[in-house]
Amino acid sequence: MTWRVATIRESRVETPQAKTLVLDVPDWPGHLAGQHVDIRLTAEDGYQSERSYSIASAPDAAALELTIERIDDGEVSPWLTEEAREGDQFELRGPVGGYFVWKASLSGPVLLVAGGSGLVPLMAMLRHHRATGSQADMRLLLSARTHEDVLYRRELDSSFRDMMYLTLTREEWDGWSRRVDADILREVGPGPEEHPHVYVCGPTAFVEEAARLLVELGHLPAAVHTERFG
Amino acid sequence: MPPISRGFHGRRQTEVDPSRLPPGQYATNDFPVLSAGPTPHTPLDEWSFTVGGAVKEARSWTWDEFLELPNEVVTRDIHCVTKWSKFDTEWRGVPVERLLEGTDPWGKFVVAWCDGGYTTNLPLADVLDGQAWVAYEYAGEPLDPEHGGPARLLVPHLYFWKSAKWLRGLNIGEQDEPGFWESYGYHNYGDPWKEQRYWSD
């Protein structure tokens with residue numbers, strides 16, 4: 001798979017820990033919602049480092065966007081979130097991964113379950129849903145630490161308010177203030193009898209627990225797609 | 001020439017022996033988890049292991065029988081296609097050639113199949129001669145379900161998706177059949193030293 005040169009067109013602060021980079025990638029072949037890319041940074045002396053990041057933009061969007069959360073002792077994310085600015089370049093290849101994807105042509109309801117920055121590939125699905133005017137019943141359950149940690153907060157509020165359910169694990173508010181549990185999943189729905197396609201993304205412990213609960217509620221294991229990090 | 005990423009210096013892992021790190025990988029002490037779906041939990045009294053397909057004599061073991069098989073402890077470096085490598089991981093398992101003894105396979109390919117529906121394909125030659133094990137202990141402890149327990153394939157010379165979790169059997173085939181990730185764009189063979197991550201690599 002070919003490495004392409006990506007040039008940063010714009011960067012946007014999403015949260016104190018995360019930034020979105022809007023990229024120009026000549027001859028980008030297009031992607032599906034849920035896929036990721038490999039990126040490779042090169043230092044002046046030729047030293048290189050590679051990592052994978054989920055694509056945040058819809059397949060229908062004009063530019064490729066990645067949202068990167070800073071990992072304090074990381075090697076690549078601190079450069080992407082703090083050093084990198086408009087006009088900077090790195091290499092990128094992809095798209096990668098054909099399983100954790102949602103296409104508007106897929107029929108049936110969809111349940112997205114995100115822990116923290118696990119929202120990124122699911123955001124591509126929400127944006128794809130909106131861009132295609134899909135009539136599919138799509139719902140997002142997002143677990144975040146506090147309101148301040150919620151990625152794409154304004155866009156979620158303005159475009160996806162009635163599709164979204166939020167629980168906060170480190171902030172008391174008038175909504176749910178606890179980890180995702182069976183009651184929350186039941187209330188969000190759609191239930192297993194509606195056979196939704198389910199996509200779960202987040203840190204390992206979050207994904208393990210959410211996937212376990214979903215199977216316990218009666219969802220078919222084969223309908224529960226998972227993607228983890230960390 | 002790749003473009004220089006301005007101001008990028010990297011956090012070079014000076015304590016890491018570069019000759020043990022395949023291209024594009026970084027060393028970690030964590031043990032990250034990757035899988036496409038929920039972790040299956042098969043009770044041990046319902047677990048069995050089967051060698052079948054293009055063999056003269058299929059064989060099958062219960063969990064208790066499996067533990068009676070000659071096994072060994074091996075220490076190997078493992079390399080995940082998502083870029084992390086972990087050095088000196090210690091496993092107990094049954095060498096795959098011991099499981100094939102007496103089965104008389106005539107196919108040249110293997111599909112490893114698992115609880116949860118996962119499969120991966122390998123050339124038979126790559127799981128023989130001390131290159132592959134069916135592992136059921138990690139670092140002296142029963143293998144955690146998150147990491148593929150009760151038993152997983154261990155083929156450390158290939159990217160770690162080939163080391164299928166929740167392994168239930170090996171199916172010998174006359175033809176090579178792409179497994180799960182191999183059907184979704186990942187390389188058919190997956191040699192980390194040649195950086196064979198994706199179809200066209």
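This is a short tour of a predicted model, with stops to select one after another in your viewer.

**Stop 1: chain B as a whole**

Start by showing chain B alone. You'll find three helices and eleven strands in its secondary structure. Follow the chain from its N terminus and the elements go β-β-β-α-β-β-α-β-β-β-β-β-β-α. Chain B has a radius of gyration of 18 Å, close to the 17 Å from the globule rule for 201 residues, so it is as compact as a globular protein of that length. Turn it around a bit: the C-alpha trace spans about 60 × 35 × 30 Å along its principal axes.

Now switch on a surface. About 9,100 Å² of chain B is exposed, with 50% of that supplied by carbon and sulfur atoms. As for what's hidden, 53% of the 201 residues count as buried. If you colour by charge, look for 18 positive and 30 negative charges in chain B, whose mean positions are 8 Å apart. Contacts are worth a look too: of those in chain B with a separation of 6 or more, 67% are between residues 24 or more positions apart.

**Stop 2: the largest nonpolar core**

Next, select B:Phe49, B:Phe66, B:Leu99, B:Val134 and B:Leu167. These touch the most other members of the largest nonpolar core, which has 42 residues. Several elements of chain B give two or more residues to this core, including β2 (48–53), α1 (63–68), β8 (133–138) and β11 (167–173).

Zoom in on B:Phe49. What is it in contact with, leaving aside neighbours within four places in sequence? The contacts include B:Trp61, B:Phe66, B:Leu99, B:Val134 and B:Leu167, along with B:Arg59 and B:Arg168.

Apart from this core lies another one, of 31 residues; to find it, select A:Leu112, A:Ala124, A:Leu140 and A:Leu142, which are among its members.

**Stop 3: B:Ser163**

Back in chain B, pick B:Ser163, in the loop between β10 (152–154) and β11. Is it buried or exposed? B:Ser163 has 1% relative accessibility, so it counts as buried. Not counting residues up to four places away in sequence, B:Ser163 touches B:Arg152, B:Leu153, B:Leu154 and B:Val155.

**Stop 4: A:Gly98**

Finish in chain A with A:Gly98, which sits in the loop between β6 (89–96) and β7 (110–115). At 23% relative accessibility, A:Gly98 counts as partly exposed. Try the distance tool here: the C-alpha atoms of A:Gly98 and A:Ala33 are 9.6 Å apart, with these positions 65 residues apart along the chain. Setting aside neighbours within four places in sequence, A:Gly98 is in contact with A:Gln35 and B:Tyr184.

Conventions:
Residues numbered from 1 in each chain as written. Chains lettered and ligands numbered in written order. Predicted model: local features only at pLDDT ≥ 70, side-chain atom pairs only at ≥ 80, totals over all residues. Heavy atoms only, no water. Core = buried A, V, L, I, M, F, W, Y, C linked by side-chain atoms within 4.5 Å. Buried < 20%, exposed > 50% of the residue type's maximum accessible area, 1.4 Å probe, protein only. Helix = DSSP H or I, 4+ residues; strand = E, 2+ residues; numbered from the N terminus. Contact = heavy atoms within 4.5 Å. Rg over C-alpha atoms; globule rule 2.2 N^0.38 Å. Areas by Shrake-Rupley, 256 points an atom, 1.4 Å probe, with all protein chains shown as cover. Lys, Arg positive; Asp, Glu negative; His and termini not counted. Charge placed at Lys NZ, Arg CZ, Asp CG, Glu CD.
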